[in-house]
Amino acid sequence: MMNFYEDEHEISRHSSCLGLSVGLHILILILMCFNFAWNTDEFEKSPPAILMVDLTKVKIDEKTNLPPLVKEVKKETPQPQEVKKEEKKVEPKKENKTPLVKKVEPAPKVEPQKPKEVAPKKEAVKVQEKKTEPKKEVKKKEPKKEVKKEKPKPQPKKQPKVAPKPVPKKQNQGLQSLLASVEKVRKAANPAPQKAALPASGETVNKGIAGGTEGSLMNDLTISEKDLIANKIRSCWNVNAGVQDADKMIIEVRAFINKDGSVREVKILNMKQDPIFRSMAESAKRAIYVCDAKGEDSPFRILANKRPNMYNSWKQIYLRMNPVDGGVY
Amino acid sequence: MKKFLLVLLIVFLGCISSSKAEIRIDVTGAQSEPLPFAMPDLIGDDGDELTQVVVDDLERSGLFRHINPNAYIQKFSSIDTRPNFNDWRAINAQALIYGTVTERFGKMTVAFRIYDVYAGTELYAKSFTADSKSWRKLAHMIADAIYERVTGEKGYFDTRVAFIDERGNQMKRVKRLAIMDQDGANLTYLTDGKDLVLTPRFSPNMKEVAYFSYKDGNPKVYLMDVNTRSSTLVGNFKGMTFAPRFSPDGKKLLISLARRGNSDIYTYDLATKKQVQLTNHPSINTSPSYSPDGKQIVFSSDRGGNQQLYIMNADGSNAHRISFGEGTYATPVWSPRGDYIAFTKIRHGQFHIGVIKPDGSGERLITNGFLVESPSWAPNGRVLMFYRKAPSRSDGSGGDSRLYTIDITGYNERQLITPNSASAPAWSPLLH
């Protein structure tokens, strides 16, 4: 019996140890969970700290026209991406490092200070937006709630400044607002160079926003329309086959067109003394008049009929004419 | 305020750019059709005949198309009459030529104007005078002037052609050396047909013709004075000489000399009678032809195994092959403008006439046939003349051969009308 009791006592002792070990394990697990969640918070809060660094690196170009800015943005955008990569690299190595937490904390303090300076505000906001993008990748690994908690902070700042566009366009909004902010920063910093650049690049400005609603393309013909005109002129241009070095001959012609599509005048811009070139140039000039004589089939009449409101654009047509193509020659 | 100024500046610049805006278009390629032109008969006696020669010359080039005079709306009474361009545009005349012809004291004078109808501008005005008997030459000169002004290239109508006139059965073929205008007029025989003659070549000054003949049973190259028709043996070569060709300055003659089953190329100085051997190779080297600047010579040789084209310096150095195509190449002739070398090519039992660039690139065959041979360049380097021979029958009949011209593009092949069979044409330089 003693043995039996002793056994029972031992069993009860074992069970209590088992319970203790299970409890300790659970405690460890809980602690681990706490630590993990706490670290992830730190990690997700860390990006704002890096944002601050990136904003200072944003380059401001001297040019004021949009096209180059778009190019610049393309060049600049990789910078935050690089930062993201750095973040990723940091993740596995410095998950539990407290310094990150300390860096994160001052970030929100800086943000509220930003409202005082106009330019930095936008930059900060934009960079935050970019940081939210990488979070999508993080979301897969971490709870979404945490990410959502962070978003509300930058969003209220964005809404008043950026138009209420749909969420999927955040990237474009970010780029545009970044462009705008860069422009404003540049204007504030160097107003004089802006004025100097604009008159010099007036045409390039138009070209740059050609695809936009106010772009130069709105005053230009479409490629298919230009092709149509080129084809018509080609059919009017009669040259002698077998002319020596014809492939090297480029005749520059300027045609002056009346509003009704009739040809007022044709000028050869690069006439030369060489009799062969002269004949070729004369045939090019003749081609314009031959086309003009085709009445409604004239490419210039077609312009007058299709694009009467764009007369200012096609009243002068500059032509570079080379007789050699894959066809006749 | 700054923003306002900036916007103002942009608007201002926009206005400027829009006011100066012009559309820029690239046109690559063109049509290649004969240029339609109108040429009413020259005003004056015999103006119609003279006009017809001019029109025929231009149309034969393949670059011009004469518009039927019945379609003309405006009539000219004087060379000073201003053309009504709308009348000529209505019939799609792109060039208009009209003028007058007057004859005084055995001299004929033609004055004419050339207009670009669509541009409404006068391109050219000129007056030519010649002996009345040479009215055809006058017409050719006018055609050359029109051709040159409209195309930019030198004409080739006031030229002559030396060739071999052939008559009779193939077994007893009579071959005579003959010359005529490039349009077939003014045919003249230089030999009587007793001796076999081949490969005539005009000297640059047109006063002499070099040719190969079996005269007196001695197959050699001879030189004939066109005016006196007296022939002299060229050089004192031991062996058979053949394939003569003048240097561009006319002072030397390139000759092939066949001896002991081999042939080499020599130069013969017509003034000093000095002969210099240029090739010395145990193979066939023949058909030499100078480049227009006289610095190089193209010839054919089988030194590489089969007959191909080679180029060497005028002193015989630096011979190098330029043709590498299938078949055999023969009778190369350097273009007067220097950009091409014409040749005969035999491949798969067919003869071809082709052109190749001096660097060996750009080989093109422009015509072919049972037997096409002896390409000869027009002085402007745009047109080739050659002969085309039909196969003969076993009894010796048939085997007719005719002269043809063709553009280097391979278009506009035309037969040149001759009274008999004709072969081995040689185009003269421009006479005026």
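**A walk through chain B**

In this predicted model, 42% of the 432 residues in chain B are buried. Chain B contains four helices and 30 strands, and if one takes the contacts in chain B whose separation is 6 or more, 43% of them are made by residues 24 or more positions apart.

A useful place to begin is an open sheet of four strands in chain B, which is ordered S9-S8-S7-S30 and paired in antiparallel fashion. Its edge strands are S9, covering residues 188–189, and S30, covering residues 421–427 of chain B, each of which pairs on one side only. In general, the strands of a sheet pair through backbone hydrogen bonds, and they may do so in a parallel or an antiparallel way. Within this sheet, strand S8 of chain B, residues 174–181, runs antiparallel to S9(B) and is joined to S9(B) by two bridges; across this pair, B:Ala178 is the residue that stands opposite B:Tyr189 in S9(B).

From the sheet, the reader can turn to two loop residues. B:Asn92 lies in the loop between helix H3 (85–89) and strand S4 (95–104) of chain B, and its phi is positive, at about 60°, although B:Asn92 is not a glycine. Because B:Asn92 has 15 C-beta neighbours inside 10 Å, it counts as partly exposed.

B:Met206, in turn, is placed in the loop between strand S10 (197–202) and strand S11 (208–213) of chain B. This residue, which is other than glycine, has a positive phi near 70°, and B:Met206 counts as partly exposed because it has 17 C-beta neighbours inside 10 Å, where 20 or more would be needed for a residue to be buried.

Key
Residues are numbered from 1 along each chain as its sequence is written. Chains are lettered from A and ligands numbered from 1 in the order in which they are written. This is a predicted model: local features need pLDDT of at least 70, side-chain atom pairs count only at pLDDT 80 or more; totals for chains, interfaces and linings use all residues. A residue is buried if 20 or more other C-beta atoms lie within 10 Å of its own, exposed if 12 or fewer, and partly exposed in between; C-beta atoms are placed from the backbone. Two residues are in contact if their C-beta atoms, placed from the backbone, lie within 7 Å. Two strands pair if DSSP finds at least two bridges between them.
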